[in-house]
Amino acid sequence: MSSGRPTLADVIDLLERAYPPRLAESWDRVGLVAGDPAAVIGTVVVAVDATDAVVDHALGAGADLLLVHHPPLLKAVHSVAADTPKGRMLHRLIEGGCALYSAHTNADAARPGVNDALAETLGLTPGPPLSPTGDGTVDRWVVTVPHDDVEDLLHAVFAAGAGRMSGYTECSFSVPGTGRFRPGDGTDPALGTVGEPESVSETRVEFVAPPELRSAVRRAVTAAHPYEVPAMDVLVNHAGPGPGPEDTGLGRICELEHPMTLAEFTELVGSRLPETLWGVRAAGDPQAEIRRVALCGGSGDSLLGAARAAGADVYLTGDLRHHVVDEHLRGGGPMLVDAAHWALEFPWCAQAAALLEEQAGVTATVCALRTDPWTAASGGGVRGR
Ligand SMILES: [Zn+2]
């Protein structure tokens, strides 16, 4: 960093701490699409989609990096020739010296992430995720360690992400005991002598960690533990505390401070989200009262069941279709508000730009071009039933 500016690798490191790739759905393809990690980054443009117009904007702004939400190469391609739409986009960015990076479902699930930005744009406090990361289980780790090494061990595993429980951090439990072992031929014991039985005063330390951090926590234990072969158990705990207000995952549940009608909530969404040609529409009784809101930026029909299970009065998402909506409402709701996919995710751009400006020391701006594909509308305006 001789210029004082971060490299692309530095910026990626920051982005991956804010939007960890491990939070991405298994089908997703997030991360660096094009660019040299050694390149120096001064200017970043953030957008939802890498359309031709967004690329024009980024190159015109002299961007060194275009950060987008939607992965441009989500589906396999066999060519990025410049006479294909995706190839043209990539050629132009590479020739213009602009890297391309996407943070997609990892940014949806992260805290704060896409869905927190959406909730906050609506003036709502984002609560627990609708679909928490993982399968609802938590790992309970049990490690025995000499008394003097407890602090080092806990410091290492907490740094790896262990010990978090529903808003509490650095949680652990420990109890003293006695460890016994006999080092065999060919071992190199930190304590004791090969062939001689040994007993040591140890502490049994317990802490929890998300299952997806298992290998990172194991590395931390092995690195911080003085023994050649640390004794550790990982127990799958099905009695996890349930999703907390800060847990990661798709969608958010928000409680309204003051109840409002579906018509009023629809107005709120329409007035707070960036404008699109066709606006916002709702399905349900316009006068019905809303207290609990479920929301998910983008295409959220896969979480209709989760919104119902969460006891939401209304579910705000995008890309909803006739039969899905009709059957869902007849099945007991909740009521639905459908907004443009782009508009629901656009508030994230400002969150990501602020993160980059504050923590990477780059100039980061939001590309405000509307990439919602719809460009003309007619025949609307019938008032609710
Ligand atoms: Zn999306």
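**Figure 1. The open sheet of five strands in the predicted model**. In this predicted model, five strands form an open sheet in the order β1-β4-β3-β2-β16, and their pairing is mixed. The edge strands, each of which pairs on one side only, are β1 (residues 31-34) and β16 (residues 363-366). From one strand to the next, the twist averages 25 degrees. Within this sheet, strand β3 (residues 65-68) pairs with strand β4 (residues 99-102) in the parallel sense, over four bridges, and Leu 67 stands opposite Tyr 101 of β4.

**Figure 2. Helix α12 lying across strands of the sheet**. Helix α12, which spans residues 347-360, lies across β2 (residues 43-47), β3 and β16, and it runs at about 175 degrees to β16. Helix α1 (residues 8-18) also packs against α12, at an angle of about 125 degrees and with the two axes 11 Å apart. An angle of that kind makes α1 oblique to α12, and the crossing of these two helices is right-handed. On the side of α1 the contact is made by Asp 10, Val 11, Leu 14 and Ala 18, while α12 contributes Leu 355, Leu 356, Gln 359 and Ala 360. Sorted by class, the contact of α1 with α12 has six nonpolar residues, one polar residue and one charged residue.

**Figure 3. The packing of helix α2 with helix α3**. Helix α2 (residues 52-60) and helix α3 (residues 85-95) pack at an angle of about 5 degrees, and their axes are 10 Å apart. Because angles under 35 degrees count as roughly parallel, α2 and α3 are described as roughly parallel to each other. Where the two helices meet, Asp 52, Val 55 and Leu 59 belong to α2, whereas Met 89, Arg 92 and Leu 93 belong to α3. By class, this contact of α2 with α3 has four nonpolar residues and two charged residues, but no polar ones.

**Figure 4. The division of the chain into domains, with the strand pairing of β6**. The chain is divided into domain 1 (residues 8-108 and 347-366), domain 2 (residues 123-128 and 247-339) and domain 3 (residues 138-237). Taken over C-alpha atoms, the centres of domain 1 and domain 3 are separated by 40 Å. Strand β6 (residues 138-146) pairs in the antiparallel sense with strand β9 (residues 231-237) over seven bridges, and in this pairing Trp 141 stands opposite Val 234 of β9. Strand β6 also pairs in the antiparallel sense with strand β8 (residues 198-209), here over eight bridges, with Val 142 opposite Glu 206 of β8.

**Figure 5. Cis peptide bonds and a positive phi in three loops**. Most residues other than glycine have a negative phi, and most peptide bonds are trans. The bond that joins Arg 111 and Pro 112 is a cis peptide bond, with omega at about -10 degrees, and Pro 112 is found in the loop between α4 (residues 105-109) and α5 (residues 114-121). A cis peptide bond also leads from Gly 333 to Pro 334, with omega near 10 degrees, and Pro 334 lies in the loop between α10 (residues 322-330) and β15 (residues 335-339). Glu 170, although it is not a glycine, has a positive phi of about 55 degrees, and it lies in the loop that runs between α6 (residues 150-159) and β7 (residues 173-181).

Terms used
Residues numbered from 1 in each chain as written. Predicted model: local features only at pLDDT ≥ 70, side-chain atom pairs only at ≥ 80, totals over all residues. Pairing = 2+ DSSP bridges. Axes fitted to C-alpha atoms, helices over the stretch in contact; angles between N-to-C directions. Contact = placed C-beta atoms within 7 Å. Domains from an automatic or database assignment. Parallel < 35°, antiparallel > 145°, perpendicular 65-115°, else oblique. Nonpolar A, V, L, I, M, F, W, Y, C, P; charged D, E, K, R; others polar. Left-handed = near helix turned anticlockwise from the far one by under 90°.
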